[in-house]
Protein chains: 4
Amino acid sequence: MATKIIVFEKPKLKKPIFIEGLPGVGNVGRVAAGYLIEELKAKKFAELISSHFMPIVIVPQNSTVEMVKAEFFYWKNKNGKNDLIIMIGDSQSIDPEGHYEIVEEVVKFLKKMNVEEIFALAGLNIGIMTERPKVVGAVNDPKLEEKYKKYNIVFDTSKRVGTIVGAAGLFLGIAKYYGIPATCLMGETSGMPFLPDPKSSEAVLKVLTQILNIKIDTSKLEEEVKKMKEFMQKIEATQMQMFQSPTAKKEEGLTYIG
Amino acid sequence: MATKIIVFEKPKLKKPIFIEGLPGVGNVGRVAAGYLIEELKAKKFAELISSHFMPIVIVPQNSTVEMVKAEFFYWKNKNGKNDLIIMIGDSQSIDPEGHYEIVEEVVKFLKKMNVEEIFALAGLNIGIMTERPKVVGAVNDPKLEEKYKKYNIVFDTSKRVGTIVGAAGLFLGIAKYYGIPATCLMGETSGMPFLPDPKSSEAVLKVLTQILNIKIDTSKLEEEVKKMKEFMQKIEATQMQMFQSPTAKKEEGLTYIG
Amino acid sequence: MATKIIVFEKPKLKKPIFIEGLPGVGNVGRVAAGYLIEELKAKKFAELISSHFMPIVIVPQNSTVEMVKAEFFYWKNKNGKNDLIIMIGDSQSIDPEGHYEIVEEVVKFLKKMNVEEIFALAGLNIGIMTERPKVVGAVNDPKLEEKYKKYNIVFDTSKRVGTIVGAAGLFLGIAKYYGIPATCLMGETSGMPFLPDPKSSEAVLKVLTQILNIKIDTSKLEEEVKKMKEFMQKIEATQMQMFQSPTAKKEEGLTYIG
Amino acid sequence: MATKIIVFEKPKLKKPIFIEGLPGVGNVGRVAAGYLIEELKAKKFAELISSHFMPIVIVPQNSTVEMVKAEFFYWKNKNGKNDLIIMIGDSQSIDPEGHYEIVEEVVKFLKKMNVEEIFALAGLNIGIMTERPKVVGAVNDPKLEEKYKKYNIVFDTSKRVGTIVGAAGLFLGIAKYYGIPATCLMGETSGMPFLPDPKSSEAVLKVLTQILNIKIDTSKLEEEVKKMKEFMQKIEATQMQMFQSPTAKKEEGLTYIG
């Protein structure tokens, strides 16, 4: 199956900017992007599914299943010059190749939609709890550092970050080949696995909304985090079970429901 | 090779309904679907092979080998408005991507045959033995819960099931993108690995035949289970051997017969 | 790269029969097929390379490298009605999917060359040393058992063999879909890993040459085994090193030569 | 995504010779090729990215990220008859198939550029420290040994080397099918993982520049090694973390930054 983007609606968007939030350390990016969607009442128009996600469906409530997927939302910005496309997802690829494939499919899709700029939202594991998380920036073009240094972003990144693993980093790397400027905003977090960090998400959102010149109320962020937690735990429990031991493959066979 | 469906006969079917039973917990779905095929004397018309199955052939009896495969049968329903297509299989995919590929190939095939609805049969591991297993339902459209709630199906599924792993769940998820309504019927079972659970299969079959409005005699179910056990054990022994240790890859090399 | 067959010469062959010998338990098939090539002075006409083999080259002698590959030889049978195509190889696939891909590519190639019948040569691990190894047969069509039961082949195979792992078995399974009758001849062997078993190879060769009605001198078989041993050990040493521990991937990185 | 070569400039080159240096034991090849690029002031004209590299980006300095990649440089040789194409890379494939795919994509690219000959530079692990490392040669055609035996190359290779693992060996193997003569120059090194060995690189460079009849100053080699070390350590730290334990897959999930 590889990776597919299923489009439900083809909105006409004005110089769109793309914002990405997939699960990761502290779920910082996922929570921030998800919250932005709720606050802006952004409208869903496409879904991405991939054979690089876990081969499961989720039963979030009642009896209707959902595939593991990423979702695309758009928001028409009446007061500004850029509309937004926001992507959130349930998971990252479970194998190395999948990260490349998924990110490249998305970037191709964005190119077709004439996306002008990309913001990848992420967490940065600093190993300790912090009350005032900084936002560390990474870019795919030095001009972006110049452009955004007036915002509250730390740009001595190479001293803090050796490599960026997974989708957020590849969005910058691959977008460069497609001529799209891209910035990664990483909120400092303690790096507790699968534990959402609303403070870090808030820090990232503050910088992002200043850059985009939009206003949102961040007071309900904690609430959003709680809602998300339950859903993510269903996925994470399965993931843990599938990868918990060297004999994972064998046990995988044993735990199939159907 | 990827995944191939080899078609031996092209039956003309009347608004066909598709029923799927692959191996899994308690082999509930596999046994139920296999028994239905025997009772209805359904006719085989296609086979599916895949490089996502184990790279082995089985010697079920005498000296003739069989590939690991799934098989498609049809049944013309003289008294009702829907003919049936029933699929049973020897195995699920041995790698994560394969589940997606196999299920999507089957769903494409069903779409071409104008299949109107899908029932995926499966087991649900509840960790304890039960004399009266319930049948838990999952759907890919909330309308299906509405349609089937009058049957003996438990639909508070999200409280019982976090995720459905493997083919049965993906049939629901992927069929949705192809516009085919799909329901998963999961028989409660104790979850003993590779141990068929005829009671659970019977519970699933009862609900399914009521929905389909067909009558079958379930008294020979235990017998079918015994027959299947021997065959499945040959596959499972190989599977165990291949995946039994962290050094499986090495040993795999050592245990090649040819 | 997947799997490629590179053809150096297009011989016109008369109703060719295909004989396959890849490494496996006791290297029974590889040794038997290799010896047949030497005795018949069969001529090489094609090679198969695959990204499912180990990513190495071998330095068998002097300084010239050889890829891991399978090789195809032909032999024109002046006194009989069937010419021969014989394939030997350095390795089997190192991943499960590769077995399917490699075998299917070969079978497609054989179909184009109008191959009439296939013999896959292999070893059968019986766990103990035996002075008089039996030859156990498996077929992809019950008619073949009928045809070959007058030869010295044991056909109560299902009692001795649950599954046949790897290429030899898949040759039977996949050839069936291409309409080519195929028989696997398995020489009993003690199953010592990577230890060639000339006695078992001899038993297989005796049956095969009787069926083909050709005469070869088997007295130099031990010599052939010694020659092959040294070459195979170079491959096996690398294989051992690559797959020796759960952290194989890491160490693989460390042991690169270039 | 597979493997892609992105070309920035299409230089017209005179009978080009290709030199390859990817990371490996002692980083001998990578350091030698990188130093040659600096000394010759060779010009970058293409990049290779691949989903067979680690799914990460690197932050070498400031805030601008770099993908894991290989880079192609050309050098116009005003005084000789062959221009040069030199490739260096950050990594080899992290999975076995990737080595085949990456090397074949490069060889196809070289064929289109009419490359006349290939030199793959590599290290050869001899397990002990040596003050005067020898250069051991491997070729894809015995004529090359004849051609280069007058240089300071040891050609009793099969006694020293069983197999060559990874890209350097496959360049020889695959280039042969494309009709390009190729030689691997392996500098003896102690095989300390990820520890660059400038002495071995120097030995390889001396032989190579004699063959190519070009002059370079090797006195700054130590300096180049230091510069490279820092950059490589960022990649290696991530690689270590990703593959450090049997549960690597799980932890991989936990250490995602974004």
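**Exercise 1.** In this predicted model, find what phi B:Gly179 takes just after H5(B).

*Solution.* Go to the end of H5(B). Just after this helix, B:Gly179 has a positive phi of about 70°.

**Exercise 2.** Decide how many residues of helix H5 of chain B are buried, and name them.

*Solution.* Start with the extent: helix H5 of chain B covers residues 167-177. Next, apply the cut-off: buried means under 20% relative accessible area. The count is 9 of 11 residues, and the helix is mostly covered. Last, the names. The buried residues in H5(B) are B:Ala167, B:Ala168, B:Gly169, B:Leu170, B:Phe171, B:Leu172, B:Gly173, B:Ile174 and B:Ala175.

**Exercise 3.** Place B:Glu104 and describe its surroundings: is the residue buried or exposed, and which residues is it in contact with?

*Solution.* Locate B:Glu104 first: it sits in helix H2 of chain B, residues 96-112. Check its accessibility. The relative accessible area is 3%, so B:Glu104 is buried. Now list its contacts, leaving aside neighbours within four places in sequence. They are A:Met1, A:Lys4, B:Ile174 and B:Tyr178. B:Ile174 is itself one of the buried residues of H5(B). Finally, look at the polar side: the side chains of B:Glu104 and A:Lys4 are joined by a polar contact of 2.4 Å.

**Exercise 4.** Work out which rotation axis relates chains B and C.

*Solution.* Lay chain C on chain B. The operation is a turn of 90° with a shift of 0.0 Å along the axis, and the RMSD is 0.0 Å. The two copies are therefore related as by a four-fold rotation axis. Then compare contact residues: 6% of those of chain C recur in chain B, and the copies use different surfaces.

Terms used
Residues numbered from 1 in each chain as written. Chains lettered and ligands numbered in written order. Predicted model: local features only at pLDDT ≥ 70, side-chain atom pairs only at ≥ 80, totals over all residues. Heavy atoms only, no water. Helix = DSSP H or I, 4+ residues; strand = E, 2+ residues; numbered from the N terminus. Buried < 20%, exposed > 50% of the residue type's maximum accessible area, 1.4 Å probe, protein only. Polar contact = N/O pair within 3.5 Å; in protein donor to acceptor, adjacent residues only side chain to side chain. Contact = heavy atoms within 4.5 Å. Least-squares fit on C-alpha atoms with pLDDT ≥ 70 in both.
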